Amino acid sequence: MKRVVVVNAGPRKGHNTDTILTEAAKGATSVGAEIQRFDLFRLEKYTGCISCFGCKRERFKGHCICRDGLTPVLDAIREADALIIGSPNYLGELSASFRALYERLIFQNLTYNMEKPSCNERPIPVLLVMTSNAPEGMYDRLLSNYQQTLSRFVGPTEVFVSGDTLQLDDYSKTDWPWSMFDPQAKKQRHEIVFPEECRSAFEKGENLVKQIKEKEKFNKA
């Protein structure tokens, strides 16, 4: 059975990021994967990389030696067959929780060696999910940078974006009018387009596991 780690770097249960990740996980499960899920906002206290350089010592290579709430997540990813990780976009970046894990995940494999820049000898496929209030395509450059780095230090990475998302079920309950966009149009998009994105996320999770199995069959042939 293939083990897929799912990491939610968003704070709100039942909202956009959580929902998309849940559907991707269902897709992976539908073809026989075992899911191990982490919600970063519900872990014990943790930090981003503290630049201790402990992972640059031979006996710790590929392992972040900082022990905190992220340690079980990093350990699980290291043993997984695939990674699905998602975050909302806040102020033009992925969430601070995502960044903390990202720093620790990447830096532990960075060697600063030109001939072999990564010490990760077991790359796994990654599905990176971003949800955003902004239109799709607005953060293509940001996501391209994440995709390249994750592909280099974790494994081949695919990006999935859900844009123009619904932030609140009822915008009228806020203390001032959100005139930057049309709340009714967002509600309509959430009812019509978002379910399609959920179905697409299901298929992404399903295909992620299928590709792993196909690769294994090819390698054994």
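Modeller: Buried means under 20% relative accessible area, exposed means over 50%, and partly exposed lies in between. The model discussed here is predicted.

Biologist: Is R99 buried, partly exposed or exposed?

Modeller: The relative accessible area of R99 is 28%. Buried needs a value under 20% and exposed a value over 50%. R99 satisfies neither cut-off, so its class is partly exposed.

Biologist: With which residue does the side chain of R99 meet in a salt bridge?

Modeller: R99 lies in helix α3, residues 96-107. Its partner lies in α3 as well, four residues apart from R99, about one turn of the helix. The partner is partly exposed, with a relative accessible area of 29%. The N to O distance is 3.9 Å, and the residue is E103.

Biologist: Which of K210 and E206 is buried?

Modeller: The two side chains meet in a salt bridge at 4.0 Å, N to O. They are about one helical turn apart, because four residues separate them in helix α6, residues 194-220. K210 has 38% relative accessibility and so counts as partly exposed. At 19%, under the 20% cut-off, the buried residue is E206.

Biologist: Which secondary structure elements hold R37 and D18?

Modeller: The side chains of R37 and D18 meet in a salt bridge at 2.4 Å, N to O. The pair links distant parts of the chain, with the two positions 19 residues apart in numbering terms. R37 is in strand β2 (residues 34-39), and D18 is in helix α1 (residues 16-30).

Biologist: What is the relative accessible area of D18?

Modeller: Its partner R37 is partly exposed, at 29%. D18 is buried, so its value must fall under 20%. The relative accessible area of D18 is 8%.

Biologist: Which residue is linked with D18 and R37 in a network of salt bridges?

Modeller: The structure holds 15 salt bridges. The R37 and D18 pair belongs to a network. The further member of that network is D39.

Biologist: How many residues of strand β3 are buried?

Modeller: Strand β3 covers residues 82-90, which makes nine residues. The strand is mostly covered. The number buried is eight.

Biologist: Do β3 and strand β4 run parallel or antiparallel?

Modeller: Strand β4 covers residues 93-94, and two bridges join it to β3. Y90 stands opposite E93 in β4. The two strands form a hairpin with two residues between them, where L91 takes a positive phi near 55°. The sense of the pairing is antiparallel.

Biologist: How many bridges join β3 to strand β5?

Modeller: On one pairing, strand β1 (residues 3-8) runs parallel to β3 over five bridges, with V5 opposite L83. Strand β5 (residues 126-131) also runs parallel to β3, and I85 stands opposite L128 there. The bridges between β3 and β5 number six.

Biologist: How much space lies in the largest cavity?

Modeller: Rolling a probe the size of a water molecule over the atoms shows where empty space is left. A search of the whole structure finds one cavity of 30 Å³ or more. Its space is about 90 Å³.

Biologist: Which residues are closest to the centre of the largest cavity?

Modeller: The lining comprises 14 residues. By class, nine are nonpolar, three polar and two charged. The closest to the centre are C49, C52, C55, C64 and F107.

Terms used:
Residues numbered from 1 in each chain as written. Predicted model: local features only at pLDDT ≥ 70, side-chain atom pairs only at ≥ 80, totals over all residues. Heavy atoms only, no water. 1 Å grid on protein atoms, 1.4 Å probe; cavity = no way out; pocket = protein on both sides within 12 Å on 5 of 7 lines; lining within 4 Å. Points joined across faces, edges and corners; volume = space filled by probe spheres on them. Nonpolar A, V, L, I, M, F, W, Y, C, P; charged D, E, K, R; others polar. Buried < 20%, exposed > 50% of the residue type's maximum accessible area, 1.4 Å probe, protein only. Pairing = 2+ DSSP bridges.
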